[in-house]
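Got your viewer open? Load the model and let's walk through it one selection at a time.

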Amino acid sequence: MPLRKVPQGAAGRLVCIRGFSPHGVAWTSRRACVPHLRDNLRSHASNPPPVKKSDFDFDLPPELIAQAPLAERSASRLLLLDVAEDRREDRMFRELPGFLRPGDLLVFNDTRVLPARLYGRKESGGAVEILIERVTGAHEATVQLGVSKKPKEGGRIELADGSHAVVLGRDEGFFRLRFEAPESLEKLLLKLGEMPLPPYIERHADSTDMERYQTVFAREPGAVAAPTAGLHFDEPLLAQLRERGVGFGYVTLHVGAGTFQPMRTENLSEHHMHREWLNVGAGLVEQIHRTRAAGGRVFAVGTTVVRALESATVEGELHPFAGETQIFIFPGYRITSIDGLITNFHLPQSTLLMLVSALAGREFMLDAYRHAVEQRYRFFSYGDAMLILPGDD
């Protein structure tokens, strides 16, 4: 398998992509990723030592973790971060149109969250919780299993409607299941599944979550976690943005349950990102080119959009791309595909906090997080948001 060359100077980027690009993006084997990153880190020996996972820690009172959505999507608070001006402002999310200009472009992730949590019982009678990681076929999926004793290959799990799931084997810590049901897995999930709320929301999903843990523009089923920055947009706010002359574009990145897995290594070069499928279409690429040629700015709505666009960027040029990515972005890597970012507040020591730190700087970002804690912002999926305006190089 040919290797995709990591661009010189990309010390903060770990790229592992499998897929097809009509513009010739080469494939990269997973085992090649870590050595390439280490080579880049060694090539920057004159710079300060690479940052560690613990460098992205901050104190977060548990009561600031939002357990439910607000009554209105756009009623969230918005922390404006202007990197160039070294400035921050406490605002409201519904004020967003005032920070954008006619001709700017918002890029959304249009993935749709599946009700991906199922419950069943092993042949022994033991309870099993199934969390779909990704759908791999009409009747198959890679899953996480919550069970006292892990089932063996060939083991059967009975679901609530009497149908069964058969264990096919293991895959990098996950299980592969085949669902023996007359309908497709997607239809089975719609019938039996529960919305897969993140582990830091300490309650079961209810009927409200079926609507609110979903963006209003979701249309491509496949995610098992929401692209949460998009949850703040409602139809009145979208209408105001259109009237303002702001354009809309879309990528698809099916967010997997691996997004909630903690980083287990202190050394960033030893971390393996989970795989996620994405599609950056030719129409969006042309839309972004037109926006920038006319002097407009490109804003990503969420870190999933950043990961999708950067995965589709080769030597500074954005191309159409459909396939899998394991891109890992952290300080030292220069993000080129966007001019600004709307994002929620992320977990301490998480890869997403590292990504936003690559855009705005680690100290600047951690200082903003300390301010958010002091001002009692709401954190994580159902929490508040920030708008990052990066500084010029």
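Start by selecting helices α7 and α8: they cross in a right-handed way, meaning that the near helix is turned clockwise from the far one by less than a right angle (anticlockwise would be left-handed). This is a predicted model, where local features need pLDDT of at least 70, side-chain atom pairs count only at pLDDT 80 or more, and totals for chains, interfaces and linings use all residues. Residues are numbered from 1 along each chain as its sequence is written, and side-chain values use heavy atoms, with hydrogens and water left out.

To pick the pair out, note that α8 covers residues 362-374, and that its axis lies 7 Å from that of α7 at an angle of about 120 degrees. Axes here are lines fitted to C-alpha atoms, over the stretch in contact for helices, with angles from 0 to 180 degrees between N-to-C directions. Helices are DSSP runs of H or I with at least four residues, strands are E runs of at least two, and both are numbered from the N terminus. The two helices are therefore oblique to each other, the class left over after roughly parallel (under 35 degrees), roughly antiparallel (over 145) and roughly perpendicular (65 to 115).

Now show side chains: L353, V356, S357 and A360 of α7 touch R362, F364, M365, L366 and Y369 of α8, with contact meaning heavy atoms within 4.5 Å.

Next, add α6 (residues 303-311), which packs on α7 (residues 351-360) at about 70 degrees, axes 11 Å apart. That makes α6 roughly perpendicular to α7. This crossing is left-handed. Select T303, V306 and R307 in α6, and you'll find them meeting L352, L355 and V356 in α7.

Which aromatic pair is worth a click? Try F108 and F248, an edge-to-face pair with 5.4 Å between centres and 80 degrees between planes; rings of Phe, Tyr and Trp (its six-membered ring) pair with centres within 6.5 Å, and planes under 30 degrees apart are stacked, over 60 edge-to-face, the rest tilted. F108 sits in strand β5 and F248 in strand β14, 140 residues apart.

Last stop: colour by pLDDT, the predictor's confidence in each residue from 0 to 100. Residues 1-46 stay under 50.
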